[in-house]
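Biologist: I should like a close look at one part of this chain, the antiparallel strands and the hairpins that join them. Please set that part in the context of the whole fold and of any unusual backbone geometry.

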Amino acid sequence: MPSRSFIIPASDPFSFDECRWFLDRGFDECMHTILPGRVRKLIPLPGNPVLADLREHPDGIEATLLEGKDATGTEAALRAYVQDWLAPQEDILPFYARLSKVPALAYMPAAFGGLRLIGIPDLFEALAWSIIGQQINLRFAYRLKRRMVERWGESYETGGEVYHLFPQPAVMANADPAELRAMQFTGRKAEYLIGVAQQFASGNISKSSLLALPGLEARRRALTDLRGIGIWSANYALMKSIRDATCIPHGDAGLLNALLSHQLIADKSDHPSMEKLYRRFKGWESYLVAYLWRSLAVKS
DNA sequence: GTCCAGGAAGAAA
DNA sequence: TTTCTTCATGGA
């Protein structure tokens, strides 16, 4: 197939390299491949997975279709996916204006300039990832995710590289919990993952049904009604998958550490200082969280 | 050996 | 309603 490229525009400030770096962070991520100056991902367009290569371009992102059917609508679907994933066209200047007014955070626009909130478009993947990441360090969490993806997800090999799709709910719904347990998932996480997968597979919940609910609280409730999804996971999924700008994964270990290191709170139970800070970022809470998470890692 | 990781559910107080 | 206990393992 002759590869075809097109440009996905971005609004300033946008840094492909900041986004690319965050997608990597030195972790063993299996859902995309980080190469010098570029990112490759097998993207699950409906009924037509395509392998895309993304790199920096003066006007935004240059996307190249490497493998997969280039049918009518493929380009539009890929554009939509990348927007949902990396949000290059989002105008983040209002967020930067807020950052600049908080002395402890005023360095961020220069330090992390152009970074976007990196999304997880697939709601099931976002929820599964939140379950996997509960109460374990990220390095271990990425290892668990890789085992699950390599065992139950579809994959595509080309050029000596293997690209993965996240396992489908219908597949995970029938997974053997003992097999997850053998992969060092806790027994509970195995139950949670399979249970949530069954809810998706049976049609009791989907991204579209969640979006159809009126308001944040109804959506939050729909998620926390799932066994294994507490308030942290619900907010995480709403932030990463729905891109709800007002969601904060309160109590998140990394978030609290970042707030402490910036001396924005006195201790981890200093809720008044947190609320005061979040009020200053009304409508940009998720971005504040994303940048605080970014600050936890030292760019090498 | 100790303590903490991008927590949640169920029991107990 | 709030606070403990358990789950389970890796990394510092």
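Modeller: The answer begins with the paired strands and then moves outward to the loops, selected side chains and the chain as a whole.

The model is predicted. In it, strand E3, residues 38–43, pairs with strand E4, residues 50–57, in the antiparallel sense, and six bridges hold the pairing. Within this pair, Ile43 of E3 lies opposite Val50 of E4. The two strands form a hairpin with six residues between them. The turn of that hairpin includes Gly47, whose phi is positive at about 70°.

E4 also pairs with strand E5, residues 60–67; these two strands run antiparallel and are joined by seven bridges. One of the pairings sets Asp53 against Thr64 in E5. Here the hairpin connection consists of two residues. E4 therefore has E3 as one antiparallel partner and E5 as another. As a general point, side chains in a regular strand alternate between the two faces of the sheet.

Outside these hairpins, several loops have backbone features that deserve inspection. The peptide bond between Asp12 and Pro13 is cis, with omega at about -5°. Pro13 belongs to the loop that runs between strand E1 (4–9) and helix H1 (16–24). Two residues that are not glycine have a positive phi: Gln135, at about 60°, and Arg243, also at about 60°. Gln135 sits in the loop between helix H5 (123–132) and helix H6 (138–152). Its relative accessibility is 78%, above the 50% cut-off, so Gln135 counts as exposed. Arg243 occupies the loop between helix H12 (231–240) and helix H13 (253–261).

Helix H6, which follows the loop of Gln135, contains Met148. The relative accessibility of Met148 is 0%, under the 20% limit, and the residue is therefore classed as buried. Apart from neighbours within four places in sequence, Met148 is in contact with Ala128, Ile132, Gly153, Phe166, Pro167, Met172, Met183, Phe185 and Leu193. The C-alpha atom of Met148 is separated by 9.5 Å from that of Glu179, a residue 31 positions away along the chain.

The cysteines can be treated briefly. There are zero disulfides in the structure. Cys30 takes part in none, and the nearest cysteine sulfur to it, that of Cys19, is 20 Å away. Cys30 is buried because its relative accessible area is 6%, under the limit of 20%. Cys247 is likewise buried, with a relative accessible area of 0%.

These parts belong to a chain A with 15 helices and seven strands. The radius of gyration of chain A is 19 Å, close to the 19 Å given by the globule rule for 300 residues, so the chain is as compact as a globular protein of that length. Along the principal axes, its C-alpha atoms fill a box of roughly 50 × 45 × 40 Å. Buried residues amount to 49% of the 300 residues. Of the contacts with a separation of 6 or more, 65% are between residues 24 or more positions apart. The accessible surface of chain A is about 13500 Å², and carbon and sulfur atoms account for 51% of that area.

Technical notes:
Residues numbered from 1 in each chain as written. Chains lettered and ligands numbered in written order. Predicted model: local features only at pLDDT ≥ 70, side-chain atom pairs only at ≥ 80, totals over all residues. Heavy atoms only, no water. Disulfide = S-S within 2.5 Å. Buried < 20%, exposed > 50% of the residue type's maximum accessible area, 1.4 Å probe, protein only. Helix = DSSP H or I, 4+ residues; strand = E, 2+ residues; numbered from the N terminus. Pairing = 2+ DSSP bridges. Rg over C-alpha atoms; globule rule 2.2 N^0.38 Å. Contact = heavy atoms within 4.5 Å. Areas by Shrake-Rupley, 256 points an atom, 1.4 Å probe, with all protein chains shown as cover.
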